[in-house]
Amino acid sequence: MSKRKSHIDIRGMSCANCSQTVADAVSSLDGVSAASINFATDEGSVEYDPDEISLGRIFDAIEDAGYTPVTDSVTIGITDMSCANCSETVRDALEGTPGVIEADVNFATDEAQVTYNPAEASLTDFYDAIEEAGYSPVRESAEAEDGSGGDAREAARQEEIKRQLRLTLFGAALSAPLLFFLVERFLLGGGVLPETIFGVEFGWVEFLLATPVQLVLGRPFYKNSYKALIKNGRANMDVLIALGSSTAYVYSVAVLLGAIAGSLYFDTAALILVFITLGNYLEARSKGQAGEALRKLLEMEVETATVVDEDGTEEEIPL
């Protein structure tokens, strides 16, 4: 049985009876092996088994007893998440970090909202936990560690938009001829294109066009698939994309080399990656536009109010 010890700041205690009430409430929880509460210093020390009880339940027990455990919260931007399964992985990693009371990870906004015990955890711990799970936190300056700063998150979002656009254009440039080959085969019935192009067999031309797409556009999906399967022991959307594209590509290479009989699907392998990357670009851009709209809305918030006294005197005060 693993053990973890947490130091908790508690507000609202006024006497030894208060500290005893908190100690009794916490000690009665399954998984808590020891609880020491000191009203003179407004502090408590709790030893518990994290596999059996969460820190959040301990904080809830303190609140139910009528006292206030001190907590803090922070918002962290995260990149590299591709589906809801990714957000669940990050959430589990954060909630497994000592000092974290609750973590809410939103794939749609690429953000994590973490409620934690400030006496036990820090923003650096959350960054490390996210990176250990295989994802990239947006590291903000010390001035923004309260979660109010958004410049770093916005810069990371804009960089992601540019990266996805570069990948999409690169893949589209190489896949455009493959798309024409696909149309020629299925809509025109084949036989329109020559068997060789500049002395190179048609199949090898497809191979030369599809391979850079597979290596460049496929690399992020292979990387994220490895993290999901090997490090986190679960599948996500990246695994599905990598599996589908790789199957078509490897099968086509085997056919091209004469190892097996069949048709070539280099076009399918490349176009899967291009269309998914295009979708990632559109998604990143829409998130950026939504974020910009929210910022403009917040900027419209009034900063002052006019107070009118009974005698009609007006006074402008900051909000």
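Reader: What does the accessible surface of the protein come to, and what share belongs to carbon and sulfur atoms?

Author: First, this is a predicted model: local features need pLDDT of at least 70, side-chain atom pairs count only at pLDDT 80 or more, and totals for chains, interfaces and linings use all residues. Residues are numbered from 1 along each chain as its sequence is written, and side-chain values use heavy atoms, with hydrogens and water left out. By the Shrake-Rupley method with a 1.4 Å probe, where only the protein chains shown count as cover for residues, the accessible surface is about 17400 Å², and the carbon and sulfur share is 56%.

Reader: Which element has the highest mean pLDDT?

Author: pLDDT is the predictor's confidence in each residue, from 0 to 100, and the protein averages 84, with 89% of the residues scoring at least 70. Elements here are DSSP runs numbered from the N terminus: helices are H or I with at least four residues, strands E with at least two. Strand S9 (residues 196–197) sits at the bottom with a mean of 65, while the top mean, 93, goes to helix H8 (residues 237–256).

Reader: And where does pLDDT stay under 50?

Author: Take contact as heavy atoms within 4.5 Å. The stretch in question has eight contacts beyond four places in sequence in the model, and it covers residues 142–148.

Reader: How many of the protein's residues count as buried, as a percentage?

Author: Buried means under 20% relative accessible area, with exposed over 50% and partly exposed in between (1.4 Å probe, protein chains only). The protein has 319 residues, and the buried portion is 38%.

Reader: In the sheet with S1, which strands are at the edges?

Author: Two strands pair if DSSP finds at least two bridges between them. By that rule, four strands make an open antiparallel sheet, ordered S2-S3-S1-S4. Pairing on one side only, the edge strands are S2 (32–38) and S4 (68–69).

Reader: Which residue in S3 stands opposite Ser6?

Author: S1 (residues 4–11) and S3 (residues 43–48) are antiparallel partners over six bridges. On its S4 side, S1 has two antiparallel bridges, and there Ile10 faces Pro69. Back on S3, the residue opposite Ser6 is Val46.

Reader: What angle does H1 make with S2?

Author: Axes are lines fitted to C-alpha atoms, for helices over the stretch in contact, and angles run from 0 to 180 degrees between N-to-C directions. Helix H1 (residues 16–27) lies across S1, S2 and S3, and its angle to S2 is about 165°.

Reader: Which strands touch H4 in the sheet with S6?

Author: That sheet is open and antiparallel, four strands in the order S6-S7-S5-S8. S6 and S7 share six antiparallel bridges, with Val105 partnered by Ala112. H3 packs on the sheet through S5, S6 and S7, at about 165° to S6. H4 packs there too, at about 35° to S5, and the strands it touches are S5, S6, S7 and S8.

Reader: Which helix is among the elements that cover the buried residues of H3?

Author: The buried residues of H3 are Asn85, Cys86, Ser87, Thr89, Val90 and Leu94. Their cover includes strands S5 (72–79), S6 (100–106) and S7 (111–116), and also helix H4 (123–132).

Reader: Why does the span of H3 agree with its length, and what is that span?

Author: The expected span of a helix is 1.5 Å times one less than its number of residues. H3 (residues 84–95) has 12 residues, so it should span 16 Å, and its end C-alpha atoms agree with that because they are apart by 16 Å.
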